[in-house]
Amino acid sequence: MKERAPALIAIVLLLSLVMGTWWAADYAQRAILVDPPRRITHEPDSWASDFVMVRTDIAGVAINRLEGRHMQHYPDNDSYEITKPKAIGQQPNSPITIGTSDKAIMDQNGSRVVMSGNARVHRVPDQDRPALDVTSEQLTVMPDDNVVFTDMPALVVNGNSTMNGKGMRYDNNTRQLQVFSATDVKISGQDSKPGKSAKPDKTEKKP
């Protein structure tokens, strides 16, 4: 028995050490306050003033430009709120378009810009077509698709012709303009002349 006593004492001490270590670790874990997971709320985490953002194609050619007076980023939905935005589309083989408004929200990884408050998109004239202007309280611009549309009342001025309607869609790649629920259409005689050199846009009016 006397020969086993040191071994038993060693085992008891080892068990005591293990139990004491476990208790100390458990006590320390309960004593230290652990921060709860951060709540992601709709609050800005970054901002910029008088900014310019440029997007390029795979060849490195600038195709879209967005600038504004102030911008805030919201991490909860990865969106940007912009004050006094100016969106410029300059894709190859397409007329330049310029969109402006009081404010805008850019989301979907920059592929959608919702412009609201005195929203206006202007397509500059070229040798084939006159200028095109679309104004509405809200316009949605899809820079990658080169498309602008709205479900709200809009005024379209195409050269010397005007169209009022609720809802429109303009594709700058095909130059096709769709006006929905047109209520007031005025086609200028100059735009309808057979000998006129400028090509009119393809316009569809849907009731």
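**Exercise 1. Locate D78 and describe its backbone and exposure.**

Step 1. D78 sits in the loop between β2 (62-74) and β3 (79-83). Strands (E, at least two residues) and helices (H or I, at least four) are DSSP runs, numbered from the N terminus.
Step 2. Its phi is positive, about 55°, although D78 is not a glycine.
Step 3. D78 has a relative accessible area of 39%. D78 is therefore partly exposed, the class between buried (under 20%) and exposed (over 50%), with a 1.4 Å probe and protein chains only.

This is a predicted model: local features need pLDDT of at least 70, side-chain atom pairs count only at pLDDT 80 or more, and totals for chains, interfaces and linings use all residues. Residues are numbered from 1 along each chain as its sequence is written, and side-chain values use heavy atoms, leaving out hydrogens and water.

**Exercise 2. Treat R175 likewise.**

Step 1. R175 lies in the loop between β10 (161-171) and β11 (176-180).
Step 2. Phi of R175 is near 60°, positive in a residue other than glycine.
Step 3. R175 is buried because its relative accessible area is 13%.

**Exercise 3. Place S116 and list its contacts.**

Step 1. S116 belongs to strand β7 (residues 112-123).
Step 2. At 18% relative accessible area, S116 is buried.
Step 3. Leaving out residues up to four places away in sequence, S116 touches S101, D102, K103, E137 and Q138. Contact means heavy atoms within 4.5 Å.

**Exercise 4. Judge the confidence.**

Step 1. The chain averages a pLDDT (the predictor's confidence in each residue, from 0 to 100) of 83, and 77% of the residues score at least 70.
Step 2. Over residues 192-198, pLDDT stays under 50.
Step 3. Where pLDDT is low, the predicted coordinates should not be read in detail.
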